[in-house]
Amino acid sequence: IMPSLVGSEMCIRDSACARLSVPLSLAVVTTVAAFLANIISPLPPLATFGYALAFGVVCAFASSTIVVGALHVARNKISITTNAVAITMPGLVNSIVGVQQKQQVMVLLAAILISGVSIFGVVSLETDFDLADFVDPEMEIMQVRDDMDTSYDSAAWKLIYILLEPATDEDSIPGDALMLDELRGLHKDLETNHYVVGTDDSPSSPSYEGPYVVLRDAILRDASFGEEHNLEIYAGDVYVVNTSQGCNLGPMFAALSTNTTVADVLSGETWAERIDQTVHLDGQEITYFRNEIRVEASTSDQSNTVISSIEEQLGSTSLSGTLRYNLDGHAQLHITGDLVILQTVLEGLNSSQIKSTAISLCVSFLVLLVLTRRVVPALAVLLPVALASLWVAGSMFVLALKWNVLTVMVTALTLGIGIDYSIHMWRRIEVELARRDTHWEALRAALSTTGVALIMSALTTAFGFLVLMFSPMPVIQDFGLITAVTVFFSLLLALVLLPVLIELSARNQEEVVETPEAIVFEG
């Protein structure tokens with residue numbers, strides 16, 4: 001008896017593998033493609049995340065097709081069990097089929113309406129990120145941080161650096177009258193930028209440390225120092241005394257770099273220390289300038305506004321009258337600092353999200369088109385997944401979530417997760433259509449088998465991600481919640497909308513075949 005049972009088990013396993021080979025292969029290829037699309041991201045961690053997810057899908061495929069089947073056969077060698085009654089959920093299946101059979105227009109209209117609302121939600125989403133997103137707000141350190149923010153204005157201050165380096169093919173920055181004029185112009189621009197600390201006071205006094213500020217303070221402290229180098233203070237700003245003689249800032253900074261007297265009584269810094277922080281010299285030649293600017297920005301959204309305002313003031317080499325235009329050929333300007341780096345990361349996330357989503361959709365469509373050899377079924381399988389991505393992004397607005405380093409990857413995850421559900425349902429319906437007399441009988445059979453299996457799979461997946469809600473890190477909590485929502489929408493559209501699309505495409509195909517032109521073509 002035992003050999004015959006083992007042989008029976010092997011036949012059953014082979015039959016199951018044969019039936020699942022197409023949907024599993026489709027699901028694996030499209031899911032891996034969706035996750036690998038993240039490798040185009042300019043951010044290495046996101047690319048690594050895509051590699052890890054794709055590798056995990058391949059491992060899961062190998063485990064489910066080889067290991068699970070072998071374990072099932074081995075288990076039945078040891079013990080003989082009676083056949084368990086399969087879970088079919090007839091009540092739920094009949095309800096879904098009833099809606100699809102009688103309310104097809106309503107299903108399509110509801111999908112269109114929700115998609116339209118989701119577009120509004122996506123447009124309204126904010127891209128906001130703060131390091132506090134990684135810390136539980138109930139922790140004592142966060143309470144102290146909040147107290148500091150409310151008690152001290154300086155708690156929200158951040159630093160932005162404006163660096164000047166020699167122009168292309170040059171070894172140094174000219175310290176001539178033009179450079180002095182442009183450094184003074186930068187100072188004036190900062191005075192009018194209300195995002196810079198101190199500019200809201202009267203008179204405006206931007207809080208920053210740079211070569212111009214050091215030079216002005218040195219002349220104010222010792223007028224003879226300025227006279228020696230043909231400079232003076234007029235109306236609070238530094239000017240050349242005799243324009244015919246010009247000026248050379250290099251020797252001035254070199255002289256200050258050897259001055260060890262106190263320059264700032266509050267910090268105790270010497271002139272040499274201040275020069276060391278703002279000017280890099282090669283002898284008496286200026287190689288780099290560094291301006292450290294204090295700005296008010298507590299979130300990434302505010303940081304973007306601050307950076308944009310400073311970039312606008314600096315202008316470009318093609319915009320006449322701006323700092324970059326006037327210094328073209330003299331020096332190159334760069335904005336950097338933690339705020340700029342963070343903003344670059346967020347921009348990289350947004351751009352990679354759009355590109356990876358587009359690549360995932362294209363690759364999935366091509367794979368489906370090659371295997372189905374029909375455009376309409378390929379689109380019918382892919383459309384619910386695309387709508388799921390849109391609905392998930394729209395639900396973030398309802399849940400008061402924002403784009404951050406983790407939630408920005410939700411579209412790729414939706415494609416990776418949702419495409420499996422759509423492919424399995426589509427394939428099962430195709431198989432049942434060949435066995436059943438009517439489309440609705442085939443749909444009922446598909447929902448009773450594969451549909452129920454997908455429900456069980458979705459429940460375990462969703463609860464697996466909802467466990468992340470217990471994380472002390474808010475950004476992880478948001479990721480767990482939105483991924484669970486992703487699973488829900490992917491399942492809902494695969495079970496409700498996809499069968500309607502398949503039925504409509506099949507009906508359209510039948511009508512086309514019945515036309516005289518189609519008959520001639522068939523002949």
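**Close-up 1. Cysteines in the predicted model, with Cys247 and Cys362 as examples.** In this predicted model, Cys247 has a relative accessibility of 14%, so it counts as buried. Cys362 is partly exposed, because its relative accessibility is 48%. If you are looking for disulfides, a search of the whole structure finds zero. Cys247 will turn up again below, as one of the residues in contact with Leu231.

**Close-up 2. Helix α7, residues 211–221, and its enclosure.** Eight of the eleven residues in this helix are buried, so α7 is largely enclosed by the rest of the structure. Here is the roll call of buried positions: Pro211, Tyr212, Val213, Val214, Leu215, Arg216, Ala218 and Ile219. Notice that Arg216 is on that buried list; this arginine returns in the salt-bridge network of a later view.

**Close-up 3. The largest nonpolar core, with Leu231 and Leu249 as its best-connected members.** This core has 48 residues, and Leu231 and Leu249 touch the most other members. Helix α7 gives the most to the core, with six residues. Let your eye settle on Leu231: leaving aside neighbours within four places in sequence, its contacts include Leu215 and Ile219, both of which are buried residues of α7. Leu180, Gly226, Val238, Tyr239, Val240 and Val241 are also among the contacts of Leu231, as are Cys247, Leu249 and Met252. A separate core lies apart from this one; it has 35 residues, among them Val97, Leu415, Ile419 and Leu443.

**Close-up 4. The salt bridge between Asp237 and Lys188.** The closest N and O atoms of this pair are 2.7 Å apart. Asp237 belongs to strand β4 (residues 237–240) and Lys188 to helix α6 (residues 177–191), so the pair ties together parts that are 49 residues apart in sequence. What is the accessibility of each partner, buried or partly exposed? Asp237 counts as buried, because its relative accessibility is 4%. Lys188 is partly exposed, with a relative accessible area of 35%.

**Close-up 5. Further salt bridges, including Glu311 with Arg324.** How many salt bridges are there in total? The count comes to ten. In one of them, Glu311 and Arg324 have their closest N and O atoms 3.0 Å apart. This pair links distant parts of the chain, with Glu311 in helix α11 (residues 300–314) and Arg324 in helix α12 (residues 323–326), 13 residues apart. Glu311 is partly exposed at 32% relative accessible area, while Arg324 is buried at 15%. Salt bridges that share partners also join Glu209, Arg216, Asp217 and Arg274 into one network. Arg290 and Glu292 form another salt bridge, with their closest N and O atoms 3.3 Å apart. Arg290 is partly exposed at 28% relative accessibility, and Glu292 is buried with a relative accessible area of 16%.

**Close-up 6. Aromatic pairs, beginning with Phe253 and Phe289.** A search of the whole structure finds six aromatic pairs. Phe253 and Phe289 meet edge-to-face, 5.8 Å centre to centre and with 70° between the planes. Phe253 sits in helix α9 (residues 249–256) and Phe289 in strand β6 (residues 285–296), so this pair ties together parts that are 36 residues apart in sequence. Both rings belong to buried residues: Phe253 has a relative accessibility of 0%, and Phe289 has 1%. A second edge-to-face pair is formed by Phe465 and Phe479, at 6.4 Å centre to centre and 80° between the planes. The partners come from distant parts of the chain, Phe465 from helix α16 (residues 439–466) and Phe479 from helix α17 (residues 474–514), 14 residues apart. Phe465 counts as partly exposed at 23% relative accessibility, whereas Phe479 counts as buried at 10%. Elsewhere, ring pairs link Trp391, Phe488 and Phe489 into a cluster.

**Close-up 7. Confidence along the chain, with residues 1–14 and 516–523 in view.** The protein chain averages a pLDDT of 82, and 85% of the residues score at least 70. Over residues 1–14, pLDDT stays under 50, and the model has 13 contacts beyond four places in sequence for this stretch. Residues 516–523 also stay under 50, with four such contacts. Where pLDDT is low, the predicted coordinates should not be read in detail.

Technical notes
Residues numbered from 1 in each chain as written. Predicted model: local features only at pLDDT ≥ 70, side-chain atom pairs only at ≥ 80, totals over all residues. Heavy atoms only, no water. Disulfide = S-S within 2.5 Å. Buried < 20%, exposed > 50% of the residue type's maximum accessible area, 1.4 Å probe, protein only. Helix = DSSP H or I, 4+ residues; strand = E, 2+ residues; numbered from the N terminus. Salt bridge = Lys/Arg side-chain N within 4 Å of Asp/Glu carboxyl O. pLDDT = per-residue confidence, 0-100. Contact = heavy atoms within 4.5 Å. Core = buried A, V, L, I, M, F, W, Y, C linked by side-chain atoms within 4.5 Å. Phe/Tyr/Trp six-rings, centres within 6.5 Å; stacked < 30°, edge-to-face > 60°.
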